[in-house]
Amino acid sequence: MAKKAKAAINKKSAESTIAPNIPKEGTSVQPSIQFIEDLKKQWLETIDALPDPFMIVDQNYKIQKANRAMAEASGSTVKNIVGKTCYKVFANRSAPCESCQMKRSYHDQPSQPYELHQENNKKWYEVVSKGMTSSENGHEKKVVLQLYRDRTETRQLQQQVAHQEKLASLGQLAGGFAHEINNPIGGILVFSQMLLREVDPSTSHYQDIKEIESAAKRCKTIVEGMLDFSRKRPIARKLTLTNYHETIESAVKFAFIDKSQAKNIDIAMDLKARHFEGLSDSSRLMQVFINLLTNARQAIKKSGSILVTTANSGNEANHQRIVITIADNGCGIEKANLKKIFDPFFTTKEPGQGTGLGLSIVHGIVQDLGGTIEATSTVGVGTTMTLTFNAVTQ
Ligand SMILES: Nc1ncnc2c1ncn2[C@@H]1O[C@H](COP(=O)(O)OP(=O)(O)OP(=O)(O)O)[C@@H](O)[C@H]1O
Ligand SMILES: [Mg+2]
């Protein structure tokens, strides 16, 4: 092999920590084709072993090289993605991502790591790009290396912390407000009820006072909701062994006690969990289920169905979870609203129809009980609320 080629190989292997043993300078052993093949194989294996996806793209965003992690993150194979555009393969877009720094890197301008949302996989990546020169068949060309780091977990944690902080400060505000307003409302209610006893029911005054009483009652409900949300209300200090199935059945009975509200709603239960007991607080759980069932019922405009299911998840015998879903085929929730539904006072209902506190209270209770809640929804198709709680296995 020519001296120049050998020097190039030695230079390359000096940069790589994975090169096979290299013949020393000045020895008579020449690097063989096999040696170069081994070097190439080891290099490719190393790239494929990297857990972070990466690719090399040309100036037209076309993928020149990619590792296995990149193919997996794109739901394809390396062979299939080479030659296609990075934005189509990775982000399923028809044009480059807004924050893409590829062109800057290509022109050797300073570039910033940027965040990329992979919508179909619900993942977040931090992308770092760097311009470099690649040689192929003796020709050198400019390409850009793009390295993707999975930041989904960090982002979820950040969002949770931000949400908790927001809820905590809103809770404080709501709690203080509710506390102050509780007494005057109590006064209005008591005095209107006293007046109702004194006034002749056939007079128009009686009806006016009735209006005052009903408005005060509504305020009381809102205040109670706010107190619930701010968790100023006592919650069971000791959790007791609770039967989730029985609680669901009672909540369904209660939520549909008024048959006139549910005459065109088909409600079905498929309670399949084998482990359906857990340490919890049945009255708080009832509150959760009733709220969710009420929302489901209200989402069904003319007729429809609600299905409540349970199942177990988790494979370790002692760490079983019960997964409860409440699915309706009602109006569904717009994508932009989906992230707001657990916020206090968020409502799409007509003024006077909803306080927007239901789901924020549900969220608080579920957290207190060591559970999780998630909503998925499609407009015009329906909504599914998925709850998980610990279940005991013996
Ligand atoms: N199953 C569902 N289907 C469609 N939209 C829903 C569903 N559940 C909740 N929502 C949406 O989330 C919003 C917030 O719900 P939440 O229970 O917190 O308040 P609300 O039902 O509007 O009022 P409240 O519960 O105080 O009577 C609702 O106004 C509605 O837009
Ligand atoms: Mg509600």
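Start your tour at helix α10, which gives the most to the shell around ligand 1, with three residues. Keep in mind as you go that this is a predicted model.

**Stop 1: the ligand and its shell**

Select α10 (282-299) together with α12 (358-368): each of these helices supplies at least two residues of the shell around ligand 1. Now widen the selection to the 19 residues around the ligand, and highlight T347, T348, K349, T355 and L359, which come nearest. What is the make-up of the shell around ligand 1, in nonpolar, polar and charged residues? Colour by residue class and you will find eight nonpolar, nine polar and two charged.

**Stop 2: polar contacts of the ligand**

Switch on distances to the oxygen atoms of ligand 1. Begin with K349, where an N or O atom in the side chain is 2.5 Å from an oxygen atom of ligand 1. Then pick N295: a polar side-chain atom of this residue lies 2.8 Å from a ligand oxygen. For L359, show the backbone, as a backbone N or O atom there lies 2.8 Å from an oxygen atom of ligand 1. How much of ligand 1 does the protein bury? Taken alone, the ligand exposes 590 Å², and the protein buries 91% of that.

**Stop 3: salt bridges**

Side chains of opposite charge can pair when their charged atoms come close. The count for this model comes to 13 salt bridges, and a few make good viewing.

Select R155 and E115, whose side chains meet in a salt bridge at 2.3 Å, N to O. R155 lies in helix α7 (residues 152-198) and E115 in strand β3 (residues 114-118), so the pair ties together parts that are 40 residues apart in sequence. E115 counts as partly exposed, at 39% relative accessibility.

Next, zoom to E126 and R149, another salt bridge, at 3.3 Å from N to O. Because E126 lies in strand β4 (residues 123-136) and R149 in strand β5 (residues 139-150), this pair ties together parts that are 23 residues apart in sequence. Add R151 to the selection: salt bridges that share partners join E126, R149 and R151 into one network.

Finish this stop with R93 and E98, a salt bridge with its closest N and O atoms 3.3 Å apart. Turn on the surface to compare the partners: R93 is partly exposed, with a relative accessible area of 25%, whereas E98 counts as exposed at 71%.

**Stop 4: a nonpolar patch**

Keep the surface on and select L239, L241, L279 and V392, which make a nonpolar surface patch of about 320 Å². To place L279 in the fold, show strand β8 (residues 277-280), where this residue sits.

How values were computed:
Residues are numbered from 1 along each chain as its sequence is written. Chains are lettered from A and ligands numbered from 1 in the order in which they are written. This is a predicted model: local features need pLDDT of at least 70, side-chain atom pairs count only at pLDDT 80 or more; totals for chains, interfaces and linings use all residues. Side-chain values use heavy atoms; hydrogens and water are left out. Patches are made of residues with over 30% relative accessible area and no salt bridge: like charges are joined within 9 Å, nonpolar side chains (Val, Leu, Ile, Met, Phe, Trp, Tyr) within 5 Å. Accessible areas come from the Shrake-Rupley method with a 1.4 Å probe; for residues, only the protein chains shown count as cover. A salt bridge is a side-chain nitrogen of Lys or Arg within 4 Å of a carboxyl oxygen of Asp or Glu. Helices (H or I, at least four residues) and strands (E, at least two) are DSSP runs, numbered from the N terminus. A residue is near a molecule or strand if one of its heavy atoms lies within 4 Å of it. A polar contact is a pair of N or O atoms within 3.5 Å; within protein, one must be able to donate a hydrogen and the other to accept it, and residues adjacent in sequence count only if both atoms are side-chain atoms. Ala, Val, Leu, Ile, Met, Phe, Trp, Tyr, Cys and Pro count as nonpolar, Asp, Glu, Lys and Arg as charged, and the others, Gly among them, as polar. Buried means under 20% relative accessible area, exposed over 50%, partly exposed in between (1.4 Å probe, protein chains only).
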